[in-house]
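User: I am new to protein structures and would like to learn how to read one. Please give me the general idea of each feature before the case at hand.

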Amino acid sequence: MTGTNGADVRDAAAEMTLVLDPHRERDWSVSAGTLTWSCWTTAAHVAHDLLGYAGQVTGRPDDGYLPYDLRVSPDATPAQVLTVVRACAGLLAAAVDTAPPETRAWHFGPCDPAGFAAMGVAETLLHTHDITLGLGVPWLPPQRLSTLVLRRLFPDAPAGAAPEVLLWLTGRGELPGRARRTSWTWRAALD
């Protein structure tokens with residue numbers, strides 16, 4: 001299996017839409033799982049991160065994040081926010097797929113395009129899970145995408161089913177015989 005790429009980012013956004021679009025008429029002002037953000041704000045955050053990662057890959061700063069921000073209109077419906085997520089996923093996918101593999105940009109150190117793609121997939125899957133919890137929709141991240149995220153961002157992940165391990169590593173789930181995590185970080189920067 002190769003590194004995470006633009007198709008994987010698009011797949012994660014498509015999965016987010018697939019699971020959440022049927023619930024677009026529900027109350028998205030409720031908290032997204034254990035987060036203090038609403039489901040709506042959490043979805044907008046995903047779009048923000050995807051666009052931010054795209055900017056990093058194309059701008060290639062080596063000392064911090066570019067000084068810009070995405071503002072989703074507060075009047076946007078949940079369906080419109082999901083469209084913004086897909087648009088930003090497309091921008092990250094294009095940035096990742098057109099950047100030479102040796103490209104480096106800052107994410108707490110030098111990060112390659114595959115690392116930004118993995119972070120985009122992770123943000124999308126994890127926050128989709130948060131939103132599904134808030135809306136009371138049973139869902140687990142897909143196995144293939146979870147495996148990609150674990151390989152790139154959590155190389156020391158314990159054995160187990162990738163979706164459950166990913167949720168445990170990020171404080172969102174339980175793993176038999178292991179204490180629930182209350183803090184965590186992933187490693188996207190290369191040595």
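Analyst: Happy to help! Helices here are DSSP runs of at least four residues and strands are runs of at least two, numbered from the N terminus. Keep in mind that this is a predicted model. With those labels we can place a residue: Thr170, for example, sits in the segment after H6.

User: Is Thr170 buried or exposed?

Analyst: The general idea is a cut-off: a residue is buried when its relative accessible area is under 20%. Thr170 has a relative accessibility of 3%, so it counts as buried.

User: What does Thr170 touch, not counting residues up to four places away in sequence?

Analyst: With those neighbours set aside, Thr170 touches Leu126, Phe154 and Trp184. You can also compare positions by their C-alpha atoms: those of Thr170 and Thr132 are separated by 16 Å, and the two residues are 38 apart along the chain.

User: Thr170 comes after H6. How many residues of H6 are buried?

Analyst: A whole helix can be read residue by residue. Helix H6 covers residues 162-169 and is mostly covered, with 7 of its 8 residues buried. These are Ala162, Pro163, Val165, Leu166, Leu167, Trp168 and Leu169. Helix H4 (113-135) and H5 are among what covers them.

User: Which residues touch the most other members of the largest nonpolar core?

Analyst: The general idea first: in soluble globular proteins, nonpolar side chains tend to be buried together. Here the largest nonpolar core has 59 residues, and Trp28, Ile131, Leu153 and Trp186 touch the most other members. Two or more residues are given to this core by each of H1, helix H2 (39-59), helix H3 (78-98), H4, H5 and H6. H2 supplies the largest share, 11 residues.

User: What does Trp28 touch, again not counting residues up to four places away in sequence?

Analyst: The contacts of Trp28 are Leu20, His23, Ser38, Cys39, Trp40, Ala43, Pro78, Leu82, Ile131 and Leu135, with those sequence neighbours left out. Ile131 appears again here: like Trp28, it is one of the core residues that touch the most other members.

User: At what angle do H2 and H3 pack?

Analyst: For a pair of helices, look at the angle and at the distance between the axes. H2 and H3 pack at about 20°, and their axes are 8 Å apart. H2 is therefore roughly parallel to H3. Their crossing is left-handed. Among the residues that meet are Leu50, Leu51 and Tyr53 in H2 and Val84, Val85 and Cys88 in H3. Sorted by class, this contact has 20 nonpolar residues, 1 polar residue and no charged residues.

User: At roughly what angle do the axes of H1 and H5 cross?

Analyst: Helix H1 (residues 6-20) and helix H5 (residues 143-153) have axes that cross at roughly 130° and come within 11 Å. H1 and H5 are therefore oblique to each other. H1 passes H5 in a left-handed crossing. H1 contributes Asp8, Asp11 and Ala12 to the contact, while H5 contributes Arg144, Leu145 and Leu148. Its classes are 3 nonpolar, no polar and 3 charged residues.

User: Back to H5, why does Arg152 count as buried?

Analyst: Use the cut-off from before. Arg152 lies in helix H5. Its relative accessible area is 18%, and therefore Arg152 is buried. Beyond residues up to four places away in sequence, Arg152 touches Cys111, Asp112, Ala114, Gly115, Ala118, Arg187, Ala188 and Leu190. For practice, try His45, which lies in helix H2. Its relative accessibility is 19%, so His45 counts as buried as well. His45 is in contact with Trp37, Glu123 and His127, leaving aside its neighbours within four places in sequence.

User: One last feature: what is the phi of Arg60 near?

Analyst: Most residues other than glycine have a negative phi. Arg60, which is not glycine, has a positive phi near 55°. Arg60 lies in the loop between H2 and H3 and counts as partly exposed because its relative accessibility is 42%. Phe108 also has a positive phi, of about 55°, although it is not a glycine. Phe108 is in the loop between strand S1 (105-106) and strand S2 (110-111), and its relative accessible area of 62% makes it exposed. Following H6 there is a glycine to look at too: Gly171 has a positive phi, near 70°.

Technical notes. Residues are numbered from 1 along each chain as its sequence is written. This is a predicted model: local features need pLDDT of at least 70, side-chain atom pairs count only at pLDDT 80 or more; totals for chains, interfaces and linings use all residues. Side-chain values use heavy atoms; hydrogens and water are left out. Axes are lines fitted to C-alpha atoms, for helices over the stretch in contact, and angles run from 0 to 180 degrees between N-to-C directions. Angles under 35 degrees count as roughly parallel, over 145 as roughly antiparallel, 65 to 115 as roughly perpendicular and the rest as oblique. A crossing is left-handed if the near helix is turned anticlockwise from the far one by less than a right angle, and right-handed if clockwise. Contact means heavy atoms within 4.5 Å. Ala, Val, Leu, Ile, Met, Phe, Trp, Tyr, Cys and Pro count as nonpolar, Asp, Glu, Lys and Arg as charged, and the others, Gly among them, as polar. Buried means under 20% relative accessible area, exposed over 50%, partly exposed in between (1.4 Å probe, protein chains only). A nonpolar core is a set of buried Ala, Val, Leu, Ile, Met, Phe, Trp, Tyr and Cys residues joined through side-chain atoms within 4.5 Å.
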